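Thanks for making the time, everyone. I would like to walk through the packing and the internal voids of one model, so please have the sequence and the structure open as we go.

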Amino acid sequence: MAPEDVKTSESAVSTIVNLAEEAKLAREGVKAPGTALLNICKSLFAGGVAGGVSRTAVAPLERLKILLQVQNPHSIKYNGTIQGLKYIWRTEGLRGMFKGNGTNCARIVPNSAVKFFSYEEASKGILWFYRRQTGNDDAQLTPLLRLGAGACAGIIAMSATYPMDMVRGRLTVQTDKSPRQYRGIAHALSTVLKEEGPRALYKGWLPSVIGVIPYVGLNFAVYESLKDWLLKTKPFGLVEENELGVATRLACGAAAGTFGQTVAYPLDVIRRRMQMVGWKDAASVVTGDGRGKTALEYTGMIDAFRKTVRHEGFGALYKGLVPNSVKVVPSIAIAFVTYEMVKDVLRVETRISD
């Protein structure tokens, strides 16, 4: 046999072996590095789009919620959702409705991307461990395991983007009459670092993390469990060809968001108030007129809880709950459905049960 024929034969054998290995990997569900990286990028992109779309849709309610959470109890400008939105519109116009939304999106897009991706990866890891512990290769995630995966995702996403959340809170509460103005995200970050130090960027981090465990955990657990239950029981003709319609998925997301935010809301109020500590103009900012001066000092999360309840009553822990509820219902629903729809368009392979 000629040397050229030998080389051709070896090349053919090598090609066949490589194809056999690729087929084996495909059967075992293992993706090539390039495919896996592309899939990760698609998943992160889908999560980012979901966060940006859902948060922009409810930006006016988000701003009103924060203003209600931190407003001076001795200089109350508005009490309800409609009254508050009218006040913002009358004093600041359309721009006032969306003030802080750019910063919010700059935070929520990476937060949402990391959160959805982390949930899916945590779910896969937890499911793998659960199957090994039980010895059942067909075991599926329980609601409690989904809660754990969601909690992990929430902690990772919150910690990664917390400085943006802290700055967003301050940008959102300032008004045109505030004696001190942050000009934007970069200016706010640099000013806080210069005047208060790097630790100030993580003020309120502890209640945020404690709050995100039930909030994000319950969001994912309730949403996924509701979907599974509907697919298994097929009630009221809601399931067609083993698929849930957009309206049904929106309802599942709304239920998940409402339940999760109600449980975690007091921690969100405390987080916002702690973020105002150290900002020398915060007292005047939250009154909305630059005149009333009220000390805003907390030594920690417990102290913030104690002082808030003592001076304003237990109900203060739920200030802004109504606009937040009105905001959360569509926001969480839109986020879940947008994420799944973008994944479908991009053909992202993220099946957890495989």
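Which residues does F116 touch, not counting residues up to four places away in sequence? In this predicted model, F116 contacts G47, A50, F220, A335, F336 and Y339. F116 also belongs to the largest nonpolar core, a set of 33 residues in which F116, V192, F220 and F336 have the most contacts. At least two residues of this core come from each of α2 (33–57), α5 (101–134), α6 (143–173), α7 (185–196), α8 (205–233), α9 (246–276) and α12 (321–346), and the largest share, seven residues, is supplied by α6. Another core lies apart from that one, with 13 residues that include L61, L67, L68 and I88.

Let me turn to the empty space. There are two cavities of 30 Å³ or more, and the largest holds about 570 Å³. Its lining comprises 38 residues, of which R55, V212, Y215, V216 and R271 are the closest to the centre. The elements giving two or more residues to this lining are α2, α3 (59–70), α5, α6, α8, α9 and α12, with α8 giving the most, eight residues. By class, the lining of the largest cavity has 16 nonpolar, eleven polar and eleven charged residues.

The second largest cavity, at about 50 Å³, is lined by A59, E62, R63, K99, G100, N101, N104, R168 and T172. Here α3 supplies the largest share, three residues, and the lining of this second cavity divides into one nonpolar, four polar and four charged residues.

Key: Residues numbered from 1 in each chain as written. Predicted model: local features only at pLDDT ≥ 70, side-chain atom pairs only at ≥ 80, totals over all residues. Heavy atoms only, no water. Core = buried A, V, L, I, M, F, W, Y, C linked by side-chain atoms within 4.5 Å. Buried < 20%, exposed > 50% of the residue type's maximum accessible area, 1.4 Å probe, protein only. Helix = DSSP H or I, 4+ residues; strand = E, 2+ residues; numbered from the N terminus. Contact = heavy atoms within 4.5 Å. 1 Å grid on protein atoms, 1.4 Å probe; cavity = no way out; pocket = protein on both sides within 12 Å on 5 of 7 lines; lining within 4 Å. Points joined across faces, edges and corners; volume = space filled by probe spheres on them. Nonpolar A, V, L, I, M, F, W, Y, C, P; charged D, E, K, R; others polar.
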